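I opened the model to look up how its chains meet and where charged side chains pair. My entries follow the structure.

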There are 2 protein chains.
Amino acid sequence: MSIDSTTLSASNAVSLIRQGNLTVEQYAKALLSRIAQRDPIVHAWAYIDPEYVLDQARKLDRVPIEHRGPLHGIPVAIKDIALTKDMPTRYNSDIYRSSHSSSVDAACVITLRAAGALLLGKTHTTEFAATTDGGPCVNPLNIGHTPGGSSSGSAAAVADFQAPIALGTQTGGSIVRPASYTGIYGFKPTWGAISREGLAQYSISCDTPGFFARTIEDLELLTDVYRFEDVAQPEQATEFQIQGARVGFIKTHVWDLAPAGPGLKEVWEKAKNLLIEHGAIVEEIDWPDDDFNKLTDWHWAIINGEGRSAFHGHYTLDKQNLSQFLVDQVENNLNFSREDLLDALDRSARLRPIWDRFSERFEVILTPSAPDIAPEGTHFTGDARFCGPWTLLHVPCLNLPGISGGKSLPIGLTLVSGRYRDRHVLKTGKIIGDIFESTKANS
Amino acid sequence: MSIDSTTLSASNAVSLIRQGNLTVEQYAKALLSRIAQRDPIVHAWAYIDPEYVLDQARKLDRVPIEHRGPLHGIPVAIKDIALTKDMPTRYNSDIYRSSHSSSVDAACVITLRAAGALLLGKTHTTEFAATTDGGPCVNPLNIGHTPGGSSSGSAAAVADFQAPIALGTQTGGSIVRPASYTGIYGFKPTWGAISREGLAQYSISCDTPGFFARTIEDLELLTDVYRFEDVAQPEQATEFQIQGARVGFIKTHVWDLAPAGPGLKEVWEKAKNLLIEHGAIVEEIDWPDDDFNKLTDWHWAIINGEGRSAFHGHYTLDKQNLSQFLVDQVENNLNFSREDLLDALDRSARLRPIWDRFSERFEVILTPSAPDIAPEGTHFTGDARFCGPWTLLHVPCLNLPGISGGKSLPIGLTLVSGRYRDRHVLKTGKIIGDIFESTKANS
């Protein structure tokens with residue numbers, strides 16, 4: 001065999017393994033070799049034990065064909081805020097630096113393992129997936145830049161061909177933003193579509209597990225594994241084609257707030273022109289209600305209000321080893337009242353069905369993933385404000401990797417829709433993503 | 001010392017330990033002796049290791065005074081769906097019968113331990129705190145009856161003087177109902193006031209950790225430990241007295257639906273008369289909006305909709321060992337659509353601020369805890385429908401133990417309020433609870 005299995009998509013690897021053209025051990029060895037070479041530079045991993053991985057791989061190779069699951073032998077990188085029964089979970093927290101394995105898998109990890117996935121290791125996160133202090137993980141496309149956060153290592157591992165797919169979580173923009181910065185697909189499903197049991201908690205109203213991959217097929221494979229079911233679809237969506245499709249481009253209030261940088265402005269125009277060239281009916285749209293402009297403030301009030309109880313346990317255990325940002329939440333040093341929290345929860349809840357209904361007017365809606373390319377340095381994982389409103393609206397978000405702009409680093413755009421239109425987002429995202437990716441091949 | 005420490009409240013035990021009049025070891029020994037005597041009958045415990053408990057107790061006795069927390073030496077019973085680093089967590093699930101310790105504490109357990117609590121053991125729950133199949137735990141007041149569920153063992157342990165306080169959770173009525181059936185205080189705080197990290201997940205929108213105790217002071221001690229903060233209080237509430245207080249009695253639509261049994265009807269009238277005798281201005285009230293009548297259906301749609309993802313991991317791991325009720329949720333055999341779920345989530349969210357504002361018209365609002373005394377047998381843990389609407393409204397609920405009705409088993413009433421009025425509920429509950437309890441002394 002002369003295939004370089006590190007560049008395989010999970011879907012292709014599934015086929016090769018099923019056909020007997022690739023063993024799980026071969027696949028694991030190739031990735032471990034890539035990791036050994038690249039980890040001293042990229043630092044995607046918080047924990048990995050190559051011997052254990054190979055041991056698991058060999059066990060998987062011995063599983064009879066009829067007992068193999070839909071992800072049989074597929075290596076998955078796990079963000080280090082998800083409990084794993086055979087690997088420690090350390091949350092990039094000084095409190096838990098020496099933690100051992102928990103003997104418990106997070107619910108979403110149970111599913112991966114039961115489907116036959118090979119858990120490769122735990123990936124770097126910012127502290128409790130809440131802070132924006134980055135490092136040690138860097139952007140594999142340019143190590144002078146951040147890979148984004150908080151799912152830094154998961155994004156970097158997939159972008160750098162160290163794993164085909166990775167588990168991440170998003171409370172603000174922790175899947176979409178790193179996917180944009182590292183040029184891969186990042187998928188934050190509808191809030192509630194995947195259990196959050198066994199994951200670190202920050203904002204119970206916003207925390208959402210999701211995935212990184214290099215192809216949409218791989219994300220669709222995962223939605224099958226997790227038994228995703230959409231709301232009933234409008235007839236038009238069953239056979240999506242770009243010709244004649246209504247595509248909304250929504251800058252949102254964050255465009256001026258962040259503000260949008262030159263890279264984003266360029267990609268935005270390119271994307272519109274590209275879709276028009278392909279026959280789409282492109283329209284710049286705005287929020288359907290003025291209250292949507294407040295989602296940024298409400299998101300901030302909610303994560304601060306909910307962070308008070310979320311980090312309280314760690315605070316009582318070892319306040320000294322908790323970063324000031326988290327201490328401030330528990331002590332409510334920003335002085336959010338309970339009324340602020342309730343007002344933000346109730347008023348954002350009111351907007352969810354409004355958005356769902358509005359979104360049905362378009363077959364595709366695109367919005368920025370981040371203000372620009374990944375910022376320089378690793379001290380700051382970047383501005384999540386383009387993502388926050390969507391996270392709070394609970395809608396599926398799919399980062400489509402950037403249209404080539406001739407830059408050293410990519411910028412993605414996010415495909416959004418209404419709640420429980422996850423499969424719709426992936427199906428339409430495949431068409432749009434292919435159009436975007438075709439510009440890379442030509443550039 | 002001749003005190004029977006098993007009957008102490010946690011607050012009194014804190015004082016005795018602080019003053020050096022009771023050691024943690026003495027206290028633990030007394031409770032372990034009670035447990036040894038009673039557990040073969042009551043079956044409150046899913047896991048307890050007396051030697052380990054005594055070892056921990058002796059360690060706590062050696063902690064210097066200046067390093068002792070607010071719950072120093074207080075034994076706490078933990079519902080067996082909360083992860084504990086030194087005890088197994090088995091969820092009363094055939095899948096996890098032989099699970100070992102997780103080496104991780106649920107967030108709410110971290111706080112208890114950091115405050116100096118002595119974790120006594122894990123208490124019986126229904127399967128994943130979701131089913132209503134009871135046993136082996138029985139009602140300590142009459143072993144031919146259920147203690148309620150899903151927090152069966154936590155309620156039974158506290159009611160039976162096997163622990164002064166216990167951790168429970170409520171998704172429908174799993175704290176309030178068993179508290180009513182066993183004649184103790186059961187407190188379900190505002191949703192979100194305590195982190196749910198490390199707890200089994202059923203309905204992310206409804207699951208709420210809370211506590212059982214035999215006194216309100218003990219619940220207030222816990223709200224201090226968890227740093228509860230109320231919304232700003234109306235002036236009147238700062239000095240609550242029953243004379244002249246406006247007390248609303250709300251039967252809700254469940255009164256006819258359940259329907260209310262003879263025991264409840266008797267307690268309902270007794271409670272009204274009693275409060276009128278004490279000078280309260282008592283008023284029978286109704287929901288402020290017709291949509292509140294739909295909360296029962298919406299609660300059912302939500303737990304079914306959210307149960308689909310909650311139990312998916314266990315289902316993929318070992319469907320054969322999951323009870324049919326949970327399989328039905330994952331497979332959606334009751335055919336709830338995503339639209340049903342979203343409609344229920346959105347419309348119940350709309351009612352929350354309406355209830356909050358309405359509730360401020362009354363200093364106290366009382367509502368049924370359960371349709372009657374605990375049902376006979378342990379096969380069914382009882383009807384939770386009186387509690388479901390409040391759980392979904394996210395408001396604090398406090399079961400006040402029953403007014404003596406000369407029956408063999410008690411019936412409680414629930415004090416409810418608006419969100420983040422937890423301290424208010426406990427403060428007013430203390431006055432009302434004392435009035436109710438005084439009838440026992442006289443009967």
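**Interface and salt bridges**

I began with the contacts (heavy atoms within 4.5 Å): 54 residues of chain B touch 54 residues of chain A. This is a predicted model, in which local features need pLDDT of at least 70 and side-chain atom pairs count only at pLDDT 80 or more, while totals for chains, interfaces and linings use all residues. Residues are numbered from 1 along each chain as its sequence is written, chains are lettered from A and ligands numbered from 1 in the order in which they are written, and side-chain values use heavy atoms, with hydrogens and water left out.

I looked up the buried area (accessible area, 1.4 Å probe, that two parts lose on being put together, summed over both). Chains B and A bury about 4,300 Å² between them, with 55% of it on carbon and sulfur atoms. In chain B the residues losing the most area to chain A are B:E197, B:R227 and B:R338, together 15% of what that side buries.

I then checked the symmetry, superposing by least squares on C-alpha atoms of residues with pLDDT of at least 70 in both copies. Chain B falls on chain A after a rotation of 180° with 0.0 Å of shift along the axis, at RMSD 0.0 Å. The two copies are therefore related as by a two-fold rotation axis. The C-alpha of B:S102 is the one in chain B nearest the axis, at 2.4 Å.

Next I counted salt bridges (side-chain nitrogen of Lys or Arg within 4 Å of a carboxyl oxygen of Asp or Glu). There are four between chain B and chain A. In one of them A:R308 pairs with B:E229, the closest N and O atoms being 2.6 Å apart. That pair runs from helix α10 of chain A to the loop between α7 and β7 of chain B; helices (H or I, at least four residues) and strands (E, at least two) are DSSP runs numbered from the N terminus. A:R308 is buried at 8% relative accessibility, and B:E229 is partly exposed at 34%; buried means under 20%, exposed over 50%, partly exposed in between (1.4 Å probe, protein chains only).

Within chain A, I noted A:D224 with A:R423 at 2.9 Å. These two sit 199 residues apart, in α7 and α15. I also noted A:E269 with A:K272 at 3.5 Å, three residues apart in α9, about one turn of the helix. A:K272 is buried at 12%, whereas A:E269 is partly exposed at 38%.
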